[in-house]
Amino acid sequence: MTTVATFAQKYPDKPALIYGDGEHIESYGELERRSRRIGHVLRRLGLEFGDNVAVYLANDDEFFDVFWACHRSGLYFTPVNWHLQEDEIQYIVDNCDAKLLIAHARFAEIAARVSKRAPKVSARVSIGGEIEGGFLALDDLLADVPEDAPLGEELEGSIMLY
């Protein structure tokens, strides 16, 4: 399986992601480290091979960190378009059988309402601030994950698009 780790070994300082007009540039080494650390968080939250993560973000810096964390951990990554209506977001979160909902704080109100009505969602993570309703802040979850902790066995995940 080719992952971001393969490229990080060869080109650790080469840009992997460039956002907007270059205001945020993430190297392969940074992307590998951040996705690996998030992978540890996903496993600590109890996600297992084949589980689904619904991701309600916009064009946020963390988007591909979470994508690669899911891919490296054998999880389905389901992006939820932030332009959708609440009932459409609810449908996707329910229909994909998401066990984890990751949402940006700018969508806090809708994310909180959707997660309350999603019985299969057992964990909730916020990015960029607080979300009420049992969401844990990603930064807090990452606080005790070492920078260099190996992920262990990497299982290829996939993406589920709606």
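Helices and strands are DSSP runs, helices of at least four residues and strands of at least two, numbered from the N terminus. These elements are the landmarks for the legends that follow, and the model shown is a predicted one.

**Figure 1. Overview of the chain and its order of elements.** The predicted chain contains six helices and eight strands. Read from the N terminus, these elements follow the order α-β-β-α-β-α-β-α-β-α-β-β-α-β. Along the principal axes, the C-alpha atoms occupy a box of roughly 45 × 35 × 30 Å. A compact globule of 162 residues would have a radius of gyration near 15 Å, and the chain, at 15 Å, agrees with that expectation. Of the 162 residues, 48% count as buried. The whole structure holds 13 salt bridges, some of which appear in the next views.

**Figure 2. The salt bridge between Glu32 and Arg72.** The closest N and O atoms of Glu32 and Arg72 are 2.9 Å apart, and the two residues form a salt bridge. This pair connects distant parts of the chain, since Glu32 belongs to helix H2 (residues 28-44) and Arg72 to helix H3 (residues 63-72), 40 residues apart. Are these two residues buried or exposed? Glu32 counts as buried because its relative accessibility is 13%, and a residue is called buried when its relative accessible area is under 20%. Arg72 is likewise buried, with a relative accessible area of 1%.

**Figure 3. The salt bridge between Arg113 and Glu86, followed by a salt-bridge network.** The side chains of Arg113 and Glu86 meet in a salt bridge with an N to O distance of 2.7 Å. Here too the pair links distant parts of the chain: Arg113 sits in helix H5 (residues 108-116) and Glu86 in helix H4 (residues 86-95), with their positions 27 residues apart in the numbering. Arg113 counts as partly exposed, at 37% relative accessibility. Elsewhere in the view, Glu32, Arg36, Arg72 and Glu154 are joined into one network by salt bridges that share partners.

**Figure 4. The salt bridge between Arg34 and Glu26.** Arg34 and Glu26 form a salt bridge in which the closest N and O atoms are 3.8 Å apart. Glu26 has a relative accessibility of 1% and therefore counts as buried. Arg34 is partly exposed, with a relative accessible area of 26%.

**Figure 5. A patch of negative charge on the surface.** Which residues gather in this patch of negative charge? They are Glu130, Glu132, Asp139 and Asp140. Asp139 is placed in helix H6 (residues 138-142). With a relative accessible area of 63%, Asp139 is exposed, because that term applies to residues over 50%.

**Figure 6. The backbone at Asp97.** Asp97 lies in the loop between H4 and strand S5 (98-104). Most residues other than glycine have a negative phi. Asp97 is not a glycine, although it has a positive phi of about 60°. At 40% relative accessibility, Asp97 counts as partly exposed.

**Figure 7. Thr3 beside Glu156.** Thr3 is found in the segment before helix H1 (4-10). How many residues separate Thr3 and Glu156 along the chain? They are 153 residues apart along the chain, yet their C-alpha atoms are separated by 8.7 Å. Thr3 has 4% relative accessibility and so counts as buried.

**Figure 8. Ser122 and Leu100.** The loop between H5 and strand S6 (123-127) contains Ser122. This residue counts as exposed, at 58% relative accessibility. Between the C-alpha atoms of Ser122 and Leu100 there are 6.2 Å, while the two residues are 22 residues apart along the chain.

**Figure 9. Leu136 and Arg124.** Leu136 is part of strand S7 (residues 136-137). From C-alpha to C-alpha, Leu136 and Arg124 are 6.1 Å apart in space, and they are twelve residues apart in sequence. The relative accessible area of Leu136 is 41%, so Leu136 is partly exposed.

Technical notes:
Residues are numbered from 1 along each chain as its sequence is written. This is a predicted model: local features need pLDDT of at least 70, side-chain atom pairs count only at pLDDT 80 or more; totals for chains, interfaces and linings use all residues. Side-chain values use heavy atoms; hydrogens and water are left out. Patches are made of residues with over 30% relative accessible area and no salt bridge: like charges are joined within 9 Å, nonpolar side chains (Val, Leu, Ile, Met, Phe, Trp, Tyr) within 5 Å. Accessible areas come from the Shrake-Rupley method with a 1.4 Å probe; for residues, only the protein chains shown count as cover. A salt bridge is a side-chain nitrogen of Lys or Arg within 4 Å of a carboxyl oxygen of Asp or Glu. Lys and Arg count as positive and Asp and Glu as negative; His and the chain ends are not counted. The place of a charge is taken as NZ of Lys, CZ of Arg, CG of Asp or CD of Glu. Buried means under 20% relative accessible area, exposed over 50%, partly exposed in between (1.4 Å probe, protein chains only). The radius of gyration is taken over C-alpha atoms; the globule rule is 2.2 Å times the number of residues to the power 0.38.
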